[in-house]
Structure formats: C-alpha cells, structure tokens
There are 4 protein chains.
Amino acid sequence: MGCILDGCPAGLPITAEEIQIDLDRRRPGQNRLTTPRKEADAVEILSGVFEGRTLGTPIALLVRNKNADPSAYDALKDLYRPSHADFTWEAKFGLRDHRGGGRSSARETVGRVAAGAIARKLLAVGPGVEIVGWVDAVQEIVAKVDPLAVSRAAVDANDVRCPDAPIAEAMEARIQEVRAERDTLGGTIGAVARGVPAGWGEPVFDRLEADLARAMLSIPAAKGFESGSGFGGTLLRGSEHNDPFALDADGGVVTTTNRSGGVQGGISNGMPITLRVAFKPVATHFQSQETVTTAPRKPTVFQAKGRHDPCVLPRAVPIVEAMMALVLADHWLRQRATSNAVVDAP
Amino acid sequence: MGCILDGCPAGLPITAEEIQIDLDRRRPGQNRLTTPRKEADAVEILSGVFEGRTLGTPIALLVRNKNADPSAYDALKDLYRPSHADFTWEAKFGLRDHRGGGRSSARETVGRVAAGAIARKLLAVGPGVEIVGWVDAVQEIVAKVDPLAVSRAAVDANDVRCPDAPIAEAMEARIQEVRAERDTLGGTIGAVARGVPAGWGEPVFDRLEADLARAMLSIPAAKGFESGSGFGGTLLRGSEHNDPFALDADGGVVTTTNRSGGVQGGISNGMPITLRVAFKPVATHFQSQETVTTAPRKPTVFQAKGRHDPCVLPRAVPIVEAMMALVLADHWLRQRATSNAVVDAP
Amino acid sequence: MGCILDGCPAGLPITAEEIQIDLDRRRPGQNRLTTPRKEADAVEILSGVFEGRTLGTPIALLVRNKNADPSAYDALKDLYRPSHADFTWEAKFGLRDHRGGGRSSARETVGRVAAGAIARKLLAVGPGVEIVGWVDAVQEIVAKVDPLAVSRAAVDANDVRCPDAPIAEAMEARIQEVRAERDTLGGTIGAVARGVPAGWGEPVFDRLEADLARAMLSIPAAKGFESGSGFGGTLLRGSEHNDPFALDADGGVVTTTNRSGGVQGGISNGMPITLRVAFKPVATHFQSQETVTTAPRKPTVFQAKGRHDPCVLPRAVPIVEAMMALVLADHWLRQRATSNAVVDAP
Amino acid sequence: MGCILDGCPAGLPITAEEIQIDLDRRRPGQNRLTTPRKEADAVEILSGVFEGRTLGTPIALLVRNKNADPSAYDALKDLYRPSHADFTWEAKFGLRDHRGGGRSSARETVGRVAAGAIARKLLAVGPGVEIVGWVDAVQEIVAKVDPLAVSRAAVDANDVRCPDAPIAEAMEARIQEVRAERDTLGGTIGAVARGVPAGWGEPVFDRLEADLARAMLSIPAAKGFESGSGFGGTLLRGSEHNDPFALDADGGVVTTTNRSGGVQGGISNGMPITLRVAFKPVATHFQSQETVTTAPRKPTVFQAKGRHDPCVLPRAVPIVEAMMALVLADHWLRQRATSNAVVDAP
C-alpha cells in the first residue's frame with residue numbers, strides 16, 4: 001500500500017515515527033477486539049522529506065504488505081461475496097484481482113491514515129487545529145461525549161475507543177457477544193476539529209460540509225454523514241435550532257449553541273466543527289449466505305473463513321480523523337491563497 | 001442567476017421549455033405552502049444549443065431576477081442573522097453583498113436546477129436512467145415510499161411533494177401550524193435513480209456515494225446524507241444487513257434486498273440507487289433572535305420581516321433531483337471513457 | 001460572448017470601464033489596419049463585484065454581440081473552409097453552428113481579454129507585476145525591443161502595436177501590400193512580465209513555462225511558443241547560454257543575462273519573464289481555395305467574402321497579455337497558499 | 001523515482017519488460033554519446049496490473065536509484081549553479097535537497113517515460129496510434145525527416161537518434177567536438193503521431209496543441225514548442241499556408257498539405273500530428289562560471305565535476321514520445337466519453 005501527498009508546504013517537521021503512531025492505531029491485531037492478523041504496517045518515506053522536514057514536493061509513502069496470504073482468498077475467486085465489491089468491481093472493470101479485494105479492500109485506508117498524519121501535523125503546527133475522533137455508537141448503544149473537551153487520551157483509554165467509559169464497557173460486551181454468535185455489527189464515529197478559524201470553505205460546490213461528506217463517504221463501509229445537528233436537527237423548529245450569536249470576553253463573535261457544527265453557509269464560523277459517520281455492519285460474517293458464482297452464474301452458498309473483525313469502528317477512528325485532517329488542510333491552504341488580506345492596501 | 005454546464009455531449013435535444021418545467025417546480029409562489037414572492041424565473045439559453053440540440057460546448061443559462069427588492073435587505077446590513085452565512089461570509093471575504101445573501105442565498109440553486117434538467121434529459125436519452133425525489137419526512141412525520149415504484153406524478157399530486165397521501169396531509173397540517181406560530185421546520189428528502197447499470201463510480205475517492213454526498217451537502221441547509229440503509233443500517237447485524245445475490249429471470253445478477261442502496265464498494269450494482277438528505281429548519285423564522293451587530297460589535301435582537309417559506313422541502317425536491325442527475329451524468333461519461341470494452345480485442 | 005472568472009480574491013477594486021480598455025484594444029474596427037466591422041463589445045459585469053470591489057465569488061462577464069449578421073455565413077454552411085475548424089468541429093461533435101464559427105471563432109477571445117483585465121489589475125495591486133506585449137515580427141520583419149523598458153504607451157503609439165517605430169512602418173506597409181493582394185499574413189507577438197518575484201511555478205507538471213505555453217497555444221491561430229532564448233537558444237553552447245548569477249546593489253540575487261527568460265527549473269527567478277508566440281497567417285484570405293462540400297462530399301472551390309483582417313497581430317497583443325496575466329495570477333495565488341512562511345515558526 | 005498513472009482502462013496487456021524498453025532508451029550510459037554513469041533503471045510494477053493486464057486502477061511504478069552517490073553533490077550545497085533550479089527552488093521552498101537536484105533533476109523523467117510506455121501501448125492497442133520521435137537538429141545542423149514514413153528502427157539506427165544518416169554523422173561529430181572542448185549543446189526534437197482520427201481535442205482551453213505545448217514545456221531544459229509549421233509558418237502568406245481539403249480514394253476528407261500539423265481549431269483533423277521541441281544547451285558544462293554562494297551571499301566561481309552528457313537530445317527522444325503519448329491517450333479517453341454517438345438514437 002502507498003500514497004502520494006501533494007501540496008504540503010515546505011519546512012514542516014515530520015518523521016516516519018509520527019506517521020507510524022496513527023498507522024498503529026489503525027492496524028489489525030492491536031488488541032483483543034480486532035482480528036488476530038498481525039501486520040506491522042511499517043511506513044517508509046520514499047520522497048518529499050529531507051533531513052526531517054518536508055521539501056514542498058510530493059511526499060510518497062510506502063507500506064509493504066508483510067503478512068499477506070493470497071491463497072487464503074482462492075475460495076473467493078469464483079463467487080461474489082454479498083455486500084462486498086466483488087460484483088461491482090467485475091462489472092466495472094471486466095476483470096479483478098480477487099486476492100483480498102484489491103483496491104476495494106479496507107486495507108487501502110493505510111494510505112489515508114499515513115497522509116492524514118502529515119495533514120494533522122500541518123494543521124497543528126500552522127493554524128493550531130486539533131482533531132479528535134471517537135466511537136460514538138455501537139448499534140443502539142450511544143455514548144455521551146462533549147466535543148469541546150474530548151481528548152485523544154480519553155479515546156485511547158479503552159479498546160473500543162469510546163471516551164464514555166461505562167458505555168465503552170457496554171459496547172465491548174456487545175461486540176464480544178456478537179462475535180461469539182459469528183456475526184458482525186456497525187455503528188457511528190464522531191469527530192471534532194477545534195481551533196478552525198472562521199472563513200474556511202467555499203460558498204457553493206466546495207462547501208466545507210460538502211467536502212467533509214465526500215471524504216467520509218469515500219471510506220469503505222460508510223453509509224451516512226451528519227454535520228452538526230444532522231438528521232436529529234430536522235426534528236427541531238427554526239427557533240429551537242438556530243445558534244444565537246454573542247460576543248466572547250475578547251469581543252469575538254461566537255455562537256452560544258453549536259447546532260451548525262461550526263459551519264454556516266458552507267464556511268467555518270470559528271466554533272468546533274463536528275460530524276458523525278455511519279458505518280454499516282462488517283460485510284464478512286461467519287454465517288452462511290446466499291449468492292451466485294461468477295462463471296457460469298449459478299446460485300451458491302458462501303461461508304466466510306479466516307480472520308476478520310466483528311466491528312471495525314475502533315480501527316476506523318484514525319481513518320475518520322485522517323480524512324477530516326486532509327479536507328481541513330486543503331481548505332486552509334485555499335483560504336491562505338485568496339484571503340482578503342491580498343488586496344487590503346489600495 | 002446563471003450557470004455554465006460543461007461536458008454535455010453534442011446532439012442532445014433540449015429546449016428552454018424542458019428546463020423551465022424543473023425551474024417552475026423550484027420557484028417560490030407556486031402554491032399555498034411557499035412564499036408569496038412571485039418570481040417567473042424564466043430561463044434563457046445563451047450558448048451551447050443550436051437548432052434545439054446541444055453543440056458539445058459549454059451551455060450557458062441565465063435567469064434574470066425580476067422581482068428583487070434590494071431595499072428589503074437594508075435592515076440586514078448591520079447585523080449577522082443567526083444560522084445564516086452573513087458572519088462566515090464576512091469572515092472569509094472581508095466584505096459582502098448584503099442584498100439577499102448574495103451567492104450564499106438559496107436562490108443560487110436556480111442554476112443547479114437548470115443544469116440538472118439537462119443532465120436528467122441526457123440520462124434519460126442515453127443510458128435510460130430515471131430520477132425521482134420526494135419529501136420523505138417533515139420533522140417526525142415520516143412517509144412510506146416504495147423507491148421501486150414512486151413516480152413524479154405521485155410526488156407532484158400534492159403541494160408537499162410527498163407521494164404518501166395521508167402522510168402528506170399530516171405534513172401540510174404541520175407546516176401550516178408552524179407557520180401560524182411564526183416558526184419554521186425541516187425534514188428529509190428521499191430520492192431514487194432507477195436504471196443505472198452496474199459499474200458506475202470509482203473505487204476510492206470518487207466513489208459514487210462520496211460524490212453524491214458532496215453534491216447533497218453542497219445544497220444550502222443540508223446537514224445530513226444517507227446512502228441505502230444509512231444510519232438506520234448501523235442498528236442491524238451483518239447477517240441481517242447484507243444483500244444476498246441472486247439471478248433474475250434473464251440470468252442477470254441482482255440482490256434480493258437493497259440495503260446497499262444500489263452501491264457496493266463505491267460502484268453501482270445495478271439496483272436502484274437510493275439516498276436521503278436532511279434539511280435543517282429554515283433559518284429565517286419570525287420570532288425575535290439574539291445576535292450581534294457588525295461594527296461596532298454589540299449584542300442586538302433581530303426580528304425577520306418579509307416573505308419566507310416556513311418549510312423549503314417541497315421546493316428542495318427538484319434541487320436534490322438535479323444534483324443527483326449531475327453526479328450520475330458525470331459518472332456515466334467517465335465510465336464511457338474507461339470501460340473495459342476499450343481493450344477487449346487483443 | 002461571456003466568461004466566468006473564479007478564484008479572484010475579494011476586495012479588488014475593479015470597474016467595467018477598466019475592463020473595457022482592454023476590450024477596446026482587441027475589438028475590430030479600431031483603426032485602418034483592422035476589419036471595418038464595428039463591434040462595440042461593451043462589457044457587463046453580471047456578478048462577483050459589489051460597490052466597485054470583487055466579492056471573492058465568481059465574476060461573470062457578458063458582452064452581447066451587436067453587429068452579428070448570421071446570414072453572412074450561410075455560404076459556409078455546406079463546405080469546410082481550409083485551415084479553419086469547420087471540418088474538425090463537425091468530426092468531433094457531429095453537428096456545428098456554422099454562423100461565424102461558433103466557439104471556434106476568434107471572437108471567443110473577448111472573454112479571455114475581459115478576464116485578463118481583472119487578472120492584470122490583481123497582479124498590479126497585489127505583487128506589483130506589470131505585463132506588456134507587442135508585435136515582434138510580421139513575416140520576416142523583426143522588431144528590436146528591450147523587454148526591460150518597453151511600455152504600453154510605446155506599443156500603442158502606432159496601429160501595428162510595435163514599439164520599434166521604423167520597423168512598425170515597414171510592418172504596416174507590408175500589411176497594406178498583402179491586403180491589396182487579397183492575401184493575409186502572420187508573425188509573432190512578444191511579451192514580458194516585470195516584477196514577478198522568485199518562487200512562482202511548480203517543479204514538474206505545472207512549470208511556469210508549461211502553463212504559459214498551454215495558455216498561448218490555446219489562442220486561435222497560435223502555432224508556436226518560446227520562453228526566453230527559445231529556438232534561437234539551441235544554436236548556442238552551454239558556456240554561452242547560461243545566465244551567470246550576481247548580486248545587485250541590495251545584495252539580491254540576479255542574473256547578468258536573461259536567456260532563461262526569468263524561469264529556471266520551471267520556477268520564476270525574479271528576472272523579467274519573456275516569451276514569444278507564433279501566429280500563422282490569417283486563414284480567411286480572398287483568393288480561391290480548393291476544398292470539399294459537406295454532404296454529399298465533393299470537391300469544390302471556396303471564395304471568401306466579407307470583412308476580415310489581413311493580419312490579426314495588433315489585436316492579438318491584448319489577448320497574449322491577458323493569457324499571461326491569467327497564468328501568473330493563478331501561480332501567485334498558488335504560491336501564497338504554500339509558501340514556506342507557513343511553517344517557519346517551529 | 002516513481003510515478004502513478006491513473007485513468008488507464010482495465011484489460012490492457014502490459015509487462016514490466018515493455019516499459020523497460022523505453023526506460024533503456026532514456027537511461028544514461030547506453031552508448032558513447034551519453035554519460036558513463038551506469039544506471040540499470042529497472043522498473044517494478046507495484047500496483048494496478050494483475051496477471052499481465054491492467055486492473056483499471058492506478059498503476060504505481062517504482063525505479064530504485066542504484067548508482068547514486070550523494071557525496072558527489074556536496075560541493076553544490078553552498079552555491080547556485082547557473083541556469084539550474086538551485087536558486088529558484090530555494091526561493092520557492094526555503095529549503096532544498098541539494099543531492100542531485102532532487103525533483104528538479106532531469107532524473108524525474110524516468111517516471112514520465114515509464115508512464116508513457118503504458119500510454120503508447122494503450123494508443124497502439126486501442127485507436128491504433130503510432131508515435132515516433134527523433135533528433136531533428138543539433139545546433140544549426142538540421143535533419144530532413146519525412147513524418148509520414150519515419151520509423152523507430154530508423155531513429156534507433158544510430159546513437160544520435162537522428163534518422164537522416166549523413167546528418168546524424170555530422171551531429172555526432174559536433175557533439176564529440178563540443179565535448180572535447182568541455183562544453184555542451186542543445187537542439188530540437190521532432191515527433192509525429194500517426195493514426196489519430198479527426199475529433200480529438202477541445203475547442204478552447206484544452207486544445208490539442210495547448211495540451212501538447214504544456215506537456216513539452218514541462219520537460220526539463222525545454223524552451224520552445226512548435227505545432228505543424230510553427231514559427232516558420234509565420235513567414236508564409238495565408239494563400240501559401242492554408243491546407244486545401246480533398247477526398248481520398250475512400251471518400252474520406254484529407255488535406256493535401258499538412259502545415260496545420262494535424263490540428264485545426266485545437267482539434268485533430270486526421271492527418272499526422274507533428275511537433276518540434278527546443279532544448280537549451282545542457283546547463284552543466286565544464287568551464288568555470290560566475291555565480292554566488294548561498295549564505296552568506298558572495299560572488300564565487302563554479303567549476304562542475306562529475307559525469308554529465310554534453311547533449312541530452314538522444315535521451316530526450318523517449319521523453320518527448322512519452323509526453324505526446326500521455327496527452328493523446330488522455331484526449332482519446334475524453335473523446336470516448338463525450339463523442340456524439342451518445343445521443344444519436346433519438
């Protein structure tokens with residue numbers, strides 16, 4: 001797996017070790033909730049960094065697959081796994097690499113997390129933005145999390161990556177229970193970006209929420225996206241939903257509530273940017289499933305084998321953070337280009 | 001208002017009248033649920049169409065504002081309307097056109113609907129895709145709609161644009177009730193595209209759902225997006241959620257359920273593509289609101305006046321349809337470019 | 001004709017009158033060297049400017065055709081004019097608007113010049129860049145022009161727009177002579193941008209020269225591009241061609257010659273950026289030409305009628321300047337986004 | 001070095017060996033005219049190809065540097081080599097990797113040639129396009145080459161890659177003479193694409209010539225571009241320059257001359273596409289040069305050492321061919337997407 005990150009300004013201090021931290025949060029085998037597959041996922045910086053600082057040129061990152069066992073996938077060659085990309089891939093391309101799903105495998109998110117680690121560093125060093133994601137719900141078990149205060153330390157305090165400790169326990173119990181029944185489950189990830197100043201985002205097609213939605217729905221298994229109050233906000237009236245403006249101690253403009261999730265008219269308003277992403281239950285469960293074979297096409301029954309997580313949410317947290325960081329870094333650079341300071345003088 | 005649509009193939013028969021049909025479904029003043037503002041919104045084709053067919057070159061469309069009254073907005077010049085884009089716009093650009101919200105006004109969706117009408121015609125004439133949108137929920141009042149069968153005629157049968165007649169009545173009652181209380185409300189739009197063949201969409205960043213999510217979240221007031229089972233799907237187990245593959249009467253591959261919403265691994269699977277979009281309650285209500293003035297910044301109270309819809313959902317239906325059509329037309333053309341037929345021969 | 005200019009920062013003072021100045025330099029009928037067609041080419045700003053300053057949103061400009069006479073083109077409907085786009089257009093699109101060449105007409109450069117006027121203003125107000133173009137050669141009659149000193153006033157001092165007065169007279173005599181023989185001619189335009197600081201341009205695909213070359217070759221009738229020493233530089237040895245570095249009075253790095261044309265490794269070096277563009281002779285001359293009819297295809301003879309310039313070079317000067325301004329403004333904004341100042345602090 | 005090629009259709013048969021053929025034509029040390037550096041430049045296909053056919057997904061190619069000697073560049077750390085990118089790079093990015101020029105090194109063209117090999121295969125297998133490049137001039141020594149007939153075999157018949165044998169001998173003598181004088185030289189590359197059907201290219205900004213010009217000027221050391229008659233065409237009158245249309249034996253439309261170089265109005269006309277690219281003399285010669293040091297800035301004298309070609313033209317031939325192939329393949333795919341066949345039916 002690999003990726004190329006283009007557009008990162010020169011001079012940013014970054015090391016492979018910093019990138020590795022995020023990769024380790026994503027990799028399988030990190031604790032008892034994830035698949036026992038052990039993949040070191042060691043990142044190699046191929047280009048774009050010199051003596052510990054970015055050069056301003058494309059940064060190529062490479063992660064070699066160490067523990068791959070293509071033969072494990074031989075049984076998948078001649079049928080379409082339900083709710084996987086086997087069929088659509090073949091319909092689109094006419095041929096496919098059946099070994100592990102190829103690029104439709106969630107393993108491609110390695111590159112996202114690696115690039116996102118650099119974007120997060122850039123946002124921290126530059127505008128001072130901090131991003132935190134967490135597991136917000138497992139099925140109907142929903143956490144109570146304060147986006148203003150939640151920290152990565154609190155998120156990583158348990159294997160579920162849910163900072164609401166009693167709820168995290170309930171989530172873990174549910175995951176183990178479903179795993180024992182050879183089934184899988186889904187849920188939602190929440191995330192917040194604190195420190196984004198007002199003014200990022202474009203008014204029409206590249207609205208901040210639009211770009212965040214695209215980024216999140218590009219993650220494998222994501223099926224829904226909410227900004228701020230999201231679907232829940234549709235139950236309120238305008239008089240209940242609007243965020244009143246007020247002045248803070250320094251005379252700055254703030255809102256006293258944040259149902260807008262930090263974005264109004266597609267542009268950041270200086271409040272924390274909040275979002276939620278829905279992940280469907282993992283498609284690979286261990287109960288038998290009806291499907292069809294590839295050629296000739298006949299009904300068949302599929303029985304999954306091997307090593308798979310019952311719930312990807314804890315490992316999806318760094319992916320959501322990475323995609324959020326990439327979108328925000330991009331909008332920061334765009335805003336730097338065209339901010340009105342350009343033409344203040346005359 | 002205007003727009004330029006680039007990339008439409010040459011030879012498509014299209015007239016201003018066809019575009020006008022969709023614009024008329026979006027315009028205010030069309031029935032008793034919408035603002036009494038009367039805007040003809042007559043579209044003029046400036047370029048790209050010759051003797052009733054597209055030329056293959058950019059199509060410029062123009063809709064002149066006839067009924068604008070800039071003085072109506074003078075009261076808005078010196079304060080920030082809560083949950084509008086006044087503040088973020090000023091933070092971003094340093095200056096703003098206060099008359100009607102400028103480009104942050106929902107009026108910019110005129111261009112989207114006009115361009116979308118051409119995209120819908122192209123999809124109908126080319127691959128044979130049909131798109132239907134409807135009001136799916138007003139607050140907690142949720143319709144029951146069959147995406148396989150719903151028709152535009154059924155949608156347009158009532159002013160709410162909800163094809164579930166008894167529910168439409170309840171919705172209308174709710175809208176009138178909230179309007180009487182000088183308040184506003186939100187809800188969700190559902191939409192389906194039927195006839196999309198398997199194979200549209202790209203595997204990673206330009207997944208079909210990602211591009212649809214971006215398109216929908218670029219609509220003013222949209223705060224959420226669901227593909228297929230969406231957030232509701234997170235409550236199911238994998239064994240309940242997966243869509244089994246089967247063969248239809250012609251030996252084609254179909255799924256017996258459609259929780260995937262017609263997209264698997266970011267690529268269409270030939271089943272109807274379904275989505276839902278959450279719209280927050282209209283920000284302009286007629287109760288007093290706390291806010292701040294622009295310069296000098298002081299707390300103040302804002303009281304909206306003028307002509308505004310209590311609920312934009314019925315008028316948002318053609319906007320959602322238009323954005324869906326634009327995304328699908330783009331992916332159709334992309335798939336035409338790179339489909340595997342290119343290199344079948346050798 | 002019209003255009004949309006996106007990405008211009010907010011706050012730039014700009015008026016229709018300023019844009020009109022450049023349009024008037026491009027329009028036909030301005031003097032005795034150009035076609036007697038009188039086209040007012042009055043520009044209308046449709047959006048993006050409010051109270052004399054840009055809003056940061058797309059700027060739509062419209063120029064209505066006043067003096068068009070579509071019937072004049074009826075004779076062109078059934079044949080392909082040699083070295084025009086009639087045939088290629090029909091091959092590409094399957095149908096074409098034969099009235100005046102449609103979008104393949106040089107008339108589309110109205111939009112370029114209008115947008116370029118805004119870009120030039122931005123470059124003047126922001127980084128302080130000044131762009132001057134001139135007619136450098138008519139056939140083999142070549143001017144001697146100092147790119148460090150040439151001014152627009154000197155260029156506009158004669159109808160040919162060549163600042164080398166004696167050569168300008170010879171050029172004008174040649175143009176009148178060729179016109180009398182019912183023929184046409186071509187030549188080259190030179191241009192310089194002064195005040196571009198070191199550091200604009202990207203190292204690989206978006207090299208400054210690459211983007212300038214693309215911009216220039218996108219102008220109708222352009223067939224060649226040179227940066228700095230260009231083709232002439234291929235006759236020199238490395239020891240003759242290299243530009244030695246030296247220090248100026250302020251300790252700044254300069255080159256003592258400028259064969260690089262202000263660009264090294266695709267990035268500006270702070271010296272004036274110089275280029276030349278070759279324009280083929282005007283395709284519409286008044287001698288008879290062999291060609292074929294459209295349907296059925298048969299050999300025929302074409303005899304042009306109407307109003308056409310024998311030499312477009314004087315009117316092409318503002319087009320070259322406009323394209324140069326648009327490319328440089330784009331690279332200025334890009335460099336603002338990613339300049340190393342971003343991450344200097346830590 | 002590496003590259004990622006995105007957008008290649010699935011199913012194209014391609015092997016590392018085929019890519020290697022073009023890389024071997026570019027690599028140094030291949031004969032007595034090039035630097036004695038020996039670099040194997042063995043290409044590794046990291047992704048996008050499965051069982052010898054493209055998958056439709058991005059193709060990552062990697063060439064490991066085997067013979068690099070960074071210490072050889074230590075002397076370059078503290079000064080700016082004249083007419084290299086050292087200064088502009090530092091001005092842009094604030095820091096630079098001085099070892100071998102980094103990404104501003106002509107070594108980055110490895111990636112272009114590798115990707116171009118795939119594009120050439122695609123064009124050969126799909127539309128049947130053949131591309132041949134050659135050394136057209138070394139200084140004032142100009143070859144006579146027939147673009148209709150020239151073959152790669154004739155080009156590769158001598159070390160200079162000039163298919164005009166007597167001229168090739170003169171070129172080689174000149175190169176050896178200049179090398180003996182510790183100097184360098186430049187010249188031009190010519191190239192032709194045969195088999196491009198009419199209709200590729202876009203009417204305005206993405207004209208075929210514009211995209212080709214951008215591609216060519218993005219090659220290190222390129223300073224000029226001509227399409228068809230180019231600068232020479234400016235010496236002719238319209239009546240001499242225009243290409244008459246005629247019918248071929250099959251009733252197809254052809255031109256009896258090809259001063260347009262296969263492109264009219266930015267769109268291919270079915271005739272061979274011809275171009276020429278000017279390359280400045282190699283910047284690294286072995287005579288002493290005046291320049292300045294980096295910090296503190298003081299005048300100094302630079303004396304190059306090491307292994308460098310006196311003339312890069314023979315090795316630049318595959319680079320020009322590669323860039324031409326990449327541009328044409330892109331336009332082929334674009335034309336497939338929007339060709340008028342889409343909407344023929346109704």
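What follows is a guided reading of the structure, from its overall reliability to its shared sheet and then to single elements.

This is a predicted model, in which local features are described only at pLDDT of at least 70 and side-chain atom pairs count only at pLDDT 80 or more, whereas totals for chains, interfaces and linings use all residues. Residues are numbered from 1 along each chain as its sequence is written, and chains are lettered from A and ligands numbered from 1 in the order in which they are written. Chain A averages a pLDDT of 91, with 93% of the residues scoring at least 70; pLDDT is the predictor's confidence in each residue, on a scale from 0 to 100. Where pLDDT is low, the predicted coordinates should not be read in detail. For the complex, the predictor gives an ipTM of 0.95 and a pTM of 0.95.

A good place to begin is the meeting of chains A and B. Here 84 residues of chain B are in contact with 84 residues of chain A, contact being counted when the C-beta atoms of two residues, placed from the backbone, lie within 7 Å. On the side of chain B that touches chain A, the residues divide into 34 nonpolar, 34 polar and 16 charged, where Ala, Val, Leu, Ile, Met, Phe, Trp, Tyr, Cys and Pro count as nonpolar, Asp, Glu, Lys and Arg as charged, and the others, Gly among them, as polar.

How many degrees must chain B be turned to be laid on chain A? A turn of 180 degrees, with a shift of 0.0 Å along the axis, lays chain B on chain A with an RMSD of 0.0 Å, the copies being superposed by least squares on the C-alpha atoms of residues with pLDDT of at least 70 in both. That is the relation of a two-fold axis. The same surface serves both copies, since 100% of the contact residues of chain B recur in chain A.

The two chains also share a sheet. Ten strands, in the order S7(A)-S6(A)-S8(A)-S14(A)-S9(A)-S9(B)-S14(B)-S8(B)-S6(B)-S7(B), form an open sheet with antiparallel pairing; helices (H or I, at least four residues) and strands (E, at least two) are DSSP runs, numbered from the N terminus, and two strands pair if DSSP finds at least two bridges between them. The edge strands are S7 (141-142) of chain A and S7 (141-142) of chain B, each of which pairs on one side only. Where the sheet passes from one chain to the other, strand S9 (residues 222-227) of chain A and strand S9 (residues 222-227) of chain B run antiparallel and are joined by three bridges, with Gly224(A) opposite Glu226(B). Within chain A, eight bridges join strand S6 (residues 130-138) to strand S8 (residues 187-194), again antiparallel, and Ile131(A) stands opposite Ala193(A) there.

Chains C and D are joined through their S9 strands as well. Strand S9(C) pairs with strand S9 (residues 222-227) of chain D in the antiparallel sense over three bridges, and Gly224(C) stands opposite Glu226(D). S9(C) also pairs with strand S14 (residues 273-279) of chain C, antiparallel over five bridges, where Phe225(C) faces Val277(C) as its opposite residue. S9(C) is mostly covered, six of its six residues being buried; a residue is buried if 20 or more other C-beta atoms lie within 10 Å of its own, exposed if 12 or fewer, and partly exposed in between, with C-beta atoms placed from the backbone.

In chain D, strand S6 (residues 130-138) is largely enclosed by the rest of the structure, because eight of its nine residues are buried. S6(D) pairs with strand S8 (residues 187-194) of chain D in the antiparallel sense over eight bridges, and Val132(D) stands opposite Val192(D). S6(D) and S7(D) form a hairpin with two residues between them, and Gln139(D) in the turn has a positive phi of about 50 degrees. In S7(D), Val142(D) is the bridge partner of Ala137(D).

Two helices and one loop residue complete the picture. Helix H8 (residues 313-338) of chain C is mostly covered, with 22 of its 26 residues buried, and helix H3 (residues 109-125) of chain D is likewise mostly covered, with 15 of its 17 residues buried. Met271(B), in the loop between strand S13 (267-268) and strand S14 (273-279) of chain B, counts as buried because it has 24 C-beta neighbours inside 10 Å.
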